[in-house]
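Hi,

Here is the model we talked about, handed over for you to open in your viewer. My notes follow below it.

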Protein chains: 2
Amino acid sequence: MRDVAERAGVSRMTVSRALNDPESVKEGLRKRVLSAVYELGYVHNHLARSLSSRSSKVIGLVLPSLENSIFAQTVKGVSDLLRPLGYHLMVTECGNEPKDEERVIAAFIAQRVGGLILHGTHHSPVAVRMLQGSGTPVVENGDIPADPIDMVASYSNREAARAMTLHLARLGYQQIAFAALAANPRGATRSLGYDDALAELGRPADPRLKIEVSRGFAGGAEAIAHIAAIMPEADALFCAGDVMAVGALFECDRRGWKVPGRLAIASFDDLELMRHVSPAITSLHLPRYEMGKRSAEMLLSRIEGRELPVPVLDLGFEIVQRAST
Amino acid sequence: MRDVAERAGVSRMTVSRALNDPESVKEGLRKRVLSAVYELGYVHNHLARSLSSRSSKVIGLVLPSLENSIFAQTVKGVSDLLRPLGYHLMVTECGNEPKDEERVIAAFIAQRVGGLILHGTHHSPVAVRMLQGSGTPVVENGDIPADPIDMVASYSNREAARAMTLHLARLGYQQIAFAALAANPRGATRSLGYDDALAELGRPADPRLKIEVSRGFAGGAEAIAHIAAIMPEADALFCAGDVMAVGALFECDRRGWKVPGRLAIASFDDLELMRHVSPAITSLHLPRYEMGKRSAEMLLSRIEGRELPVPVLDLGFEIVQRAST
DNA sequence: ATCCAGAAAGTTACCGGTATCAAACCTTGT
DNA sequence: ACAAGGTTTGATACCGGTAACTTTCTGGAT
């Protein structure tokens, strides 16, 4: 920057102003500065800028996994909002271990990001302390937590699971099985919603209807195997994981089970794939894109000093009824 | 940091050393410093560190899209290597527009990342100039470019497409159609490999066999519609895009076409889904994970000053023959 | 012509660390 | 006991910007 200043025959401060707030520098000088910038191929150093101004135009996004296309929409929502405003997005994966999330969060704070979006809602106490201590604005958006760190923009896993279970009951299914990923916090929350629904319906909670499976397509096949072996009376299966429902459908195909004749299948996430398999799978459509966009909005409001009227935003969900139920 | 130093009764320099190179500070002082750090809840400022040391522990990864699960493996490869070494990964999406990529690259350089991994191999001249001017180590890894910016770790799209086409010919298919995404640079390169193979086989290049489609499952359906309408003699379809082959398979199902009886289908990328649909789809298995891992390795070697024996690494590919061909 | 308010440009100090070199402190061999 | 040589620790400058304040220009109004 010194070089640019010398070349343009002005002070460093003027260069800084010409770049960050062009209006405040007179036409002539501004032109001299900008052409010097161009000639020298100068690239602004955001590091120094952030250090000096104590504010950064980088927003961090922490996701449980990047392997999962369900988060793509959220990323897009955040990114679409941020890009035109000159903010940059930094995405990181944190797995399901609170310890890993802690490390990722520490790294973000160490870099003094302007704000943070966390997909998870279960955080280690250390992480929470760091976040609150650092004063970084935070939005959580994978669920509606009982005790938010700062702001929230999400749907409720528990409510959504409850709604889908009631929907299946309304369609006349009597023995609704529920399959979730083992050791997955969101799966556990969804399971509560399923319980809520059964309780509302006055149905007993049969442990044979609750299935824990591994991730991916394989999980769906495991769920079907469980039903075949332990609970053949089940007439509907509600899969609380992304591709699990498709795996279950494929497995039914292999076994010659009619869907929904022998077993109805419903899915938690409305991946594009759900519309394309045959039969198309009934799904909960979650506001993934909206979550990203609103999270980013809330963050920017806070960063720019506007206090928020509603720091907890419930974006709801939608049941998409298709041929599989 | 000043507070920590005062509390421990040492100089700031000693604190810095106790944190970055504990060996170099004697037991007693180190303990005093570390407990002061803990008591004050001090979080290191990476911004200042990078600015001062002119080196950053952040690696940037630029992907065309995050919606696409094929990149997940690459992310994982990079991340697995980086994490234990204390480096952090920053992932960004750049679309297929060179202008967008340019903006993303500029932002990374402005933040003085330690190294950059680019998935694309078509870059605007401005981007190349910025990269070379800034001296940032770069690995390209979506293809083997004719004229690399710096280092490369990839497979060759052209070679892979050629190999699959020859494989289909070897299986006896006479009229092999090829479908690629419209306006996709990698699609165009793959198309060249398909041409190579036909030329080697001495078969004429029939323009009716080349199909341009839109992305997603829909593209596969379009390809089948094209074949039905324009080129019903085709007996095999080679899809040069991720989920396109599955879309094509579903469409065949809808039309009652036997796969591979009426039409064989082969895919470019070996998504997990390919194994689970029925029939399972023959695919090119690409070294996605390896690409990420080796890219990160190369980057770190360069960053740590080790010159590399082979700055262009061809990681090959593998044809996985399944029931669809 | 003089004065003055507001705009434009410059000065200085500091953001929070590390590089570099000098000073103080130990060992060890003779 | 002392010089030599290696380790620890400290002092100072600087990384590349911006905030806050000061000075210098402007262009009317008096």
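Which of the 26 residues around DNA strand D come nearest? They are A:Met1, A:Ser16, A:Asn20, A:Ser52 and B:Thr14, where "near" requires a heavy atom within 4 Å of the strand.

Before you dig in: this is a predicted model, with local features needing pLDDT of at least 70, side-chain atom pairs counting only at pLDDT 80 or more, and totals for chains, interfaces and linings using all residues. Residues are numbered from 1 along each chain as its sequence is written, chains are lettered from A and ligands numbered from 1 in the order written, and side-chain values use heavy atoms, without hydrogens and water.

On the DNA side, sugar or phosphate makes up 60% of the strand D atoms within 4 Å of the protein, and bases the rest. For polar contacts (N or O pairs within 3.5 Å), have a look at A:Asn20, with a polar side-chain atom 2.4 Å from a phosphate oxygen of strand D. The side chain of A:Ser52 puts an N or O atom 2.6 Å from a sugar or linking oxygen. From chain B, a polar backbone atom of B:Ser11 is 3.3 Å from a phosphate oxygen.

As for the two chains, a 180° rotation with 0.0 Å of shift along its axis superposes A on B, RMSD 0.1 Å (least squares on C-alpha atoms of residues with pLDDT of at least 70 in both). The two copies are thus related as by a two-fold rotation axis. They meet through the same surface, because 97% of chain A's interface residues are also interface residues in chain B (contact: heavy atoms within 4.5 Å).

Cheers

Definitions and conventions. A polar contact is a pair of N or O atoms within 3.5 Å; within protein, one must be able to donate a hydrogen and the other to accept it, and residues adjacent in sequence count only if both atoms are side-chain atoms.
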